[in-house]
Every structure is written in C-alpha cells, then in structure tokens.
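Let's take a friendly walk through one protein chain, from the ligand outwards. Keep the picture beside you as you read.

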Amino acid sequence: MFRLDGKTALVTGASQGIGRAIARRLATQGAKVVLAARGVGKLEALAEEIRDGGGQALPLGLDVSQTAGVAARLRELPADFAEVDILVNNAGITRDSLLARMSLEQWEEVLTTNLTGSFAVTREFMRSMIRRRWGRVIFISSVVGLMGNIGQVNYGASKAGMIGFSKSLAREMGSRGVTSNVVAPGFIETAMTEEMTEQARKDLSKTIVMRRFGTAEEVAATTLFLASEEAGYITGEVINVSGGMYI
Ligand SMILES: NC(=O)c1ccc[n+]([C@@H]2O[C@H](COP(=O)([O-])OP(=O)(O)OC[C@H]3O[C@@H](n4cnc5c(N)ncnc54)[C@H](OP(=O)(O)O)[C@@H]3O)[C@@H](O)[C@H]2O)c1
C-alpha cells in the first residue's frame, strides 16, 4: 500500500525536520524526490542517503521567499525530475512577537515565505498536473492556523491562509484529477521547537491529549497517505497531526 513508484515529488524545506522526514518517506515508497531548500549542503547529504538506500533524489537550492525567481529556478529542473506529481509545500519560518511589538518586516517575512512562497511554487506545477490528469498538492500548515497562538499573528495568518488556499485549489482542480489537502501538525520535535525550555515543554505537553510532542515521522506518515493513490477521493481536507492538541 501507498507505493509511489513512477511518481515524482518535490518537497520544499527538505533540508531538515518535517520536510526531511517527508522526503525520506516518499523516497522509500518509490517516488523520485526533488529536495528543495536554501541550504544545499544538507540537501546533498540527504540525496546521497536516499540514493544509498536505492532511491532517487535531486537536491535543488531554492529560496521560496524570492518569489520572483521561483518559476525560473523550477524551470531549470532536469527533464527526469521536472514532471512533478506530488508537491509538498513544507518550507516555513517563525518570527514570533506580540503584535504590539511586531515589525512590518517580521510580518512580511513570515507571510512571504510560508504563504506567498507556497503560491509561487504551486502555480508552477499546475499546468503539468492538469495535462497528466493526476496530482497531489499537500500543504504543511499548523494547528496555529486553526486555533491561534500568542505571539504568532504573522505565523497564524500564514498558516490559516494556506488552508484557504488549499480549499480553493481543491475546488479548482478536482475535476482534473488533482487533490489538494492540508496537514496541520501540533507541536513536533524539530529545530523549530527545540529552543523551548524544559518547563515550557512540560506545560505545553499538559495541553496535548497524547501528553507528548509528535515526531516528524508521524507528520510524514500522514503526508504519504495523502500523496498516495489510495487517498484519491480525499480533497479540500485538513488533517490535524497534533496528538489531540486541537480537536
Ligand atoms: N515543528 C513544529 O512543531 C511544527 C508545527 C506545526 C507546523 N510546522 C510546520 O512544518 C514545517 C516544517 O517545520 P520544521 O519544524 O521542520 O522546521 P525547521 O526544522 O525549521 O525546517 C524548516 C525548513 O524550511 C526550510 N526553509 C525555510 N525558509 C525557506 C525558504 N525561504 N526557502 C526554502 N526553504 C526554506 C529550511 O531550510 P533552509 O533553511 O535550508 O532553507 C528547513 O528545511 C513548517 O512549515 C512549519 O511551520 C512545524
């Protein structure tokens, strides 16, 4: 089940954390994977690891926040990786601050990377998915886009924006065989959450039904399901992978 042989996937933010776990998982299931992020060194190491395991991967230096240049960069993909069937919009950043102290720059940086970056990358692959009458677009949003969080009006707005984007795209593309869905993780063990103090972790864990943070592999498993043939009748959905933090 959930085999992806013959499919090509592109994962943004594949150099670490959730994106890396997703890329590994899709590759293990047989997809060729384009690994996109700014830090090419980490991508090359991951590509080598995937190739050593018998998979196919291509590192691609891509800054999704440089939205004007995204299309040109993606058009440079070699022919054997250019026809992307599965797109995972995972690249994301935080620039937390209470609203009263938040600069316009903090707002724009987060909206540009998380939301406009997803727009620039997704738009580029729509025509070829329509032509092939098959596609999977998956957005890695956050439960913060659904429930809000103190200090994250920029991040929450970007993540809620991804949900509206995905639902609209689902309506546009359903008749062409392309699905669009959102994975909304809760607190996951990655670089994004590792700076928290032990006390903050303990306090937060009390708000999670499963009483623990999730793993990147748990987010990857849901993403794989949505990417698969088996999920072909699921579109416009939001699946929370939050251990019951948001129900
Ligand atoms: N960790 C959590 O608890 C959690 C919870 C809910 C949602 N999420 C979401 O899950 C996604 C991944 O988070 P994570 O925890 O794995 O974060 P992470 O460890 O900080 O990784 C973020 C990834 O995004 C890439 N990235 C950042 N800016 C980019 C840009 N301008 N262009 C291209 N790539 C860029 C980074 O690579 P480079 O720096 O090399 O570019 C990195 O690979 C994010 O969208 C995040 O909002 C995370």
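Which residues are the closest to the ligand, and how many residues surround the ligand? In this predicted model, 28 residues surround the ligand, and the closest are Gly13, Gly17, Arg38, Gly39 and Gly92. By character, the shell around the ligand divides into 12 nonpolar, 14 polar and two charged residues. Two helices to look for here are α1 (17-28) and α8 (191-194), each of which supplies at least two residues of that shell.

## The whole chain

Now step back to the overall build. The chain has 10 helices and seven strands. Its radius of gyration is 17 Å, close to the 18 Å that the globule rule gives for 247 residues, so the chain is as compact as a globular protein of that length. Along its principal axes, the C-alpha trace spans about 50 × 40 × 35 Å. Of the 247 residues, 44% are buried. Contacts tell us about the fold too: among those with a separation of 6 or more, 74% are between residues 24 or more positions apart.

## The sheet and its helices

How are the strands arranged? Seven strands form an open sheet with parallel pairing, and their order is β3-β2-β1-β4-β5-β6-β7. At the edges stand β3 (56-61) and β7 (238-241), each with a single partner strand, so one side of each is left without a neighbour in the sheet. From one strand to the next, the twist averages 20°. As a general point, strands of a sheet pair through backbone hydrogen bonds, either parallel or antiparallel.

For one pairing in detail, find β1 (residues 8-12) and β4 (residues 86-89), which run parallel and are joined by three bridges. Here Val11 stands opposite Val88 in β4.

Helices lie across the sheet strands as well. Helix α2 (residues 40-52) lies across β2 (32-37) and β3, and runs at about 175° to β3. Helix α7 (residues 153-173) lies across three strands, β5 (135-140), β6 (178-185) and β7, running at about 160° to β6.

## Three residues to find

Next, pick out a few single residues. The table shows how many other C-beta atoms lie around each of them.

| Residue | Other C-beta atoms within 10 Å | Class |
|---|---|---|
| Phe2 | 16 C-beta atoms | partly exposed |
| Arg133 | 10 C-beta atoms | exposed |
| Gln16 | 17 C-beta atoms | partly exposed |

Why is Arg133 classed as exposed? A residue counts as exposed if 12 or fewer other C-beta atoms lie within 10 Å of its own, and Arg133 has 10. Arg133 lies in the loop between α5 (104-132) and β5. Its phi is near 55°, a positive value in a residue other than glycine.

Phe2 has a positive phi too: the value is near 60°, again in a residue other than glycine. You will find Phe2 in the segment before β1.

Gln16 sits in the loop between β1 and α1. Which residues is Gln16 in contact with, leaving aside its neighbours within four places in sequence? They are Lys42 and Ala191. Lys42 falls in α2 (residues 40-52), while Ala191 falls in α8 (191-194). As for Asn149, 133 residues apart from Gln16 along the chain, a distance of 24 Å separates the two C-alpha atoms.

Key
Residues numbered from 1 in each chain as written. Predicted model: local features only at pLDDT ≥ 70, side-chain atom pairs only at ≥ 80, totals over all residues. Helix = DSSP H or I, 4+ residues; strand = E, 2+ residues; numbered from the N terminus. Rg over C-alpha atoms; globule rule 2.2 N^0.38 Å. Buried ≥ 20, exposed ≤ 12 C-beta atoms within 10 Å, placed from the backbone. Contact = placed C-beta atoms within 7 Å. Near = placed C-beta within 6 Å. Nonpolar A, V, L, I, M, F, W, Y, C, P; charged D, E, K, R; others polar. Pairing = 2+ DSSP bridges. Axes fitted to C-alpha atoms, helices over the stretch in contact; angles between N-to-C directions.
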